[in-house]
Amino acid sequence: MDNITFSVKKGRFEVAAQITRMGGDLLVVLSGGIGHIGAIGIAQPRESLSTPGKTSSTGSVFTYTGHKEDVVVKPMAEEIAKRLNRKVVVVAGIHWDRLSANEIEMIVGLCNTLKEKIVKEAKAW
């Protein structure tokens, strides 16, 4: 197994990603703020239903009660699976108390930046 870890930061918020290659599959662990597991997204590549010959993905999510990381893990897992043609699991625990809507949007943006870094780095594996 190979591992890569990196993070992105904006203001007081830092979100880290640890990527583990497990054969041809990828495990991504996202963390920020208070550590925990809030949601798990899984995805696998498949042929597009609307455009034969094009790769798409299918995903599922499990979110623990009271958590909101599903808005990050499912789309991230699906996009990585589609772009890298690999099975992907994304586990996230991202929590800061009393966030404003703008702060939540900023954190989701940090996760999107991490997604792009993951795709770029994992292409080399």
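What radius of gyration would a compact globule with 125 residues have, and what does the protein chain have? A compact globule would come near 14 Å, and the protein chain has 14 Å, which agrees. Please keep in mind that this is a predicted model. Below is a friendly tour, starting with the chain as a whole and moving on to some individual residues.

**Overall layout**

- The secondary structure of the protein chain consists of two helices and six strands.
- If you follow the sequence from its start, these elements come in the pattern β-β-β-β-β-α-β-α.
- Along the principal axes, the C-alpha atoms fill a box of roughly 45 × 30 × 20 Å.
- Among contacts in the protein chain with a separation of 6 or more, 63% are between residues 24 or more positions apart.

**Surface and interior**

- Of the 125 residues in the protein chain, 36% count as buried.
- The accessible surface of the protein chain is about 7,100 Å², and carbon and sulfur atoms account for 51% of that.
- I37, F62 and Y64 together make a nonpolar surface patch of about 310 Å².
- One member of this patch, I37, sits in the loop between β3 (25–33) and β4 (39–47).

**A closer look at E69**

- You will find E69 in the loop between β5 (55–63) and α1 (70–84).
- Is E69 buried or exposed? Its relative accessible area is 6%, and because buried means under 20%, E69 counts as buried.
- Leaving aside residues up to four places away in sequence, E69 touches H36, G38, A39, A92, G93 and I94.
- E69 and G109 are 40 residues apart in sequence, and their C-alpha atoms are 13 Å apart in space.

**Salt bridge between strands**

- Side chains of opposite charge can pair when their charged atoms come close.
- How many salt bridges does the structure hold? The structure holds seven, and a few of them are described here and in the next group.
- One of them joins the side chains of R21 and D2, at 2.0 Å from N to O.
- R21 lies in strand β2 (residues 13–22) and D2 in strand β1 (residues 2–10), so this pair ties together parts that are 19 residues apart in sequence.
- R21 is partly exposed, with a relative accessible area of 25%, and D2 is also partly exposed, with a value of 29%.

**Salt bridges involving the helices**

- Within helix α1, the side chains of E78 and K74 meet in a salt bridge of 3.0 Å, N to O.
- E78 and K74 are four residues apart, which is about one turn of the helix.
- K74 is partly exposed, with a relative accessible area of 27%.
- R83 forms a salt bridge with E116, and their closest N and O atoms are 2.9 Å apart.
- Which parts of the chain does this pair link? R83 is in helix α1 and E116 is in helix α2 (residues 101–122), so the salt bridge links distant parts of the chain, 33 residues apart.
- Salt bridges that share partners bring E79, K82, R83 and E116 into one network.
- Within that network, R83 is partly exposed at 34% relative accessibility, and E116 is partly exposed at 37%.

Notes: Residues numbered from 1 in each chain as written. Predicted model: local features only at pLDDT ≥ 70, side-chain atom pairs only at ≥ 80, totals over all residues. Heavy atoms only, no water. Buried < 20%, exposed > 50% of the residue type's maximum accessible area, 1.4 Å probe, protein only. Contact = heavy atoms within 4.5 Å. Patch = residues over 30% accessible without salt bridge, like charges linked within 9 Å, V, L, I, M, F, W, Y side chains within 5 Å. Areas by Shrake-Rupley, 256 points an atom, 1.4 Å probe, with all protein chains shown as cover. Salt bridge = Lys/Arg side-chain N within 4 Å of Asp/Glu carboxyl O. Rg over C-alpha atoms; globule rule 2.2 N^0.38 Å.
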